[in-house]
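Here are some exercises to help you find your way around a protein you haven't met before. Try each one with the viewer open, then check the worked solution.

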Amino acid sequence: MTKGLLIVYAGASGVGKGTIMKELLKSDSNFRLSVSATTRLPRPGETDGVEYHFVTKADFEELIANDGLFEYASYCDNYYGTPKKAVFDMLESGIDVFLEIEIKGFLQIKEKYPDCVTIFLLPPSMEELEKRLTGRGTEAPEVIRKRLDTAQKELTYAEQFDYTVINDDVERAKNEILTIISNIKKERNKEN
Ligand code: 5GP
């Protein structure tokens, strides 16, 4: 059985990662999104076990101690991490797994799993990003400021990704990502 593809999918808070991800999952039944653990509180409409496994700081630290995480990072005062076993089980059974993670996680995965494909989603501009984050209305002003500062720093890592995709239009960006993945799979199938 051919192993699934591990896709690291990153980009600034508010860039539209979640929206495009939902479309990607609808486009290919072989795609799954890894459900991360986080100590951040759920936003309205988020369900434990669906968007995230919402855990306490003590639970998270236990996951770290038990080597249960593939990678983890602290981002804007909360922990976020990828449960290891779930991801490896899916890859082994041929499923293509997306990790929707921030930059520190990306750097860890690149090191631990060089066979991964890395995609960075860019906003059309920083002004547009600020507009989207503010318009979303899910974060307090000081949290938005912190996330925008983090986004500025994260942009400097864009060139370390295999691919960058501009989210100027959801459908277009989704199709660009689908093409990237399909081309990689064709290449890898040729090699095997
Ligand atoms: P949010 O609080 O907006 O859901 O996520 C904040 C940031 O944490 C986003 O950039 C998101 O991609 C990232 N993130 C979510 N899950 C993980 C994870 O498991 N590991 C890492 N390193 N980052 C994550």
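**Exercise 1.** Leaving aside its neighbours within four places in sequence, which residues is Arg-32 in contact with?

*Solution.* Keep in mind that you're looking at a predicted model. Start by finding Arg-32 in strand S2, which covers residues 31–33. Now skip the neighbours within four places in sequence: the contacts left are Leu-25, Met-90, Ile-95, Asp-96, Val-97 and Phe-98. Next, try a distance: the C-alpha atoms of Arg-32 and Leu-91 are separated by 9.9 Å, with their positions 59 residues apart along the chain. Then follow the side chain of Arg-32, where a polar atom lies 3.0 Å from the backbone oxygen of Ser-29. Last, check the accessibility: Arg-32 has a value of 35%, so it counts as partly exposed.

**Exercise 2.** Work out whether Thr-82 is buried or exposed, and find its polar partner.

*Solution.* First locate Thr-82 in strand S6, residues 78–83. Its relative accessible area is 0%, and buried means under 20%, so Thr-82 is buried. Now look at what surrounds it: not counting residues up to four places away in sequence, Thr-82 touches a list that includes Ser-34, Ser-36, Phe-70, Val-87, Leu-99 and Ile-101. Glu-71 is on that list too, and the side chains of Thr-82 and Glu-71 are joined by a polar contact of 2.5 Å.

**Exercise 3.** Compare Asn-167 and Asp-168: which one is buried, and which is partly exposed?

*Solution.* Both sit in the loop between S9 and H7. Take Asn-167 to begin with: at 4% relative accessibility, it counts as buried. The side chain of Asn-167 reaches the backbone oxygen of Val-15 at 2.7 Å. Beyond its neighbours within four places in sequence, Asn-167 has contacts that include Gly-16, Ile-20, Leu-121, Pro-124 and Ala-173.

Now move on to Asp-168, which is partly exposed with a relative accessible area of 48%. Its side chain makes a polar contact of 2.9 Å with the side chain of Arg-172. For a sense of distance, hop to Lys-84: the C-alpha atoms of Asp-168 and Lys-84 are separated by 33 Å.

**Exercise 4.** Where do Asp-67 and Cys-76 sit, and what is the sign of phi in each?

*Solution.* Here's the background: most residues other than glycine have a negative phi. Asp-67, though not a glycine, has a positive phi of about 60°. You'll find Asp-67 in the loop between helix H2 (57–65) and strand S5 (69–75). Cys-76 also has a positive phi, near 45°, and its place is the loop between S5 and S6.

**Exercise 5.** Zoom out: how many helices and strands does the protein have, and why can we call it as compact as a globular protein of its length?

*Solution.* Count the secondary structure to get seven helices and nine strands. The radius of gyration is 16 Å, close to the 16 Å that the globule rule gives for 192 residues, so the protein is as compact as a globular protein of that length. Along its principal axes, the C-alpha trace spans about 50 × 40 × 30 Å. Buried residues account for 43% of the 192. Now turn to contacts between residues at least 6 apart in sequence: 67% of them join residues at least 24 apart. To finish, look at the surface, where the protein exposes about 10200 Å², with carbon and sulfur atoms supplying 52% of that area.

How values were computed
Residues numbered from 1 in each chain as written. Predicted model: local features only at pLDDT ≥ 70, side-chain atom pairs only at ≥ 80, totals over all residues. Heavy atoms only, no water. Helix = DSSP H or I, 4+ residues; strand = E, 2+ residues; numbered from the N terminus. Rg over C-alpha atoms; globule rule 2.2 N^0.38 Å. Buried < 20%, exposed > 50% of the residue type's maximum accessible area, 1.4 Å probe, protein only. Contact = heavy atoms within 4.5 Å. Areas by Shrake-Rupley, 256 points an atom, 1.4 Å probe, with all protein chains shown as cover. Polar contact = N/O pair within 3.5 Å; in protein donor to acceptor, adjacent residues only side chain to side chain.
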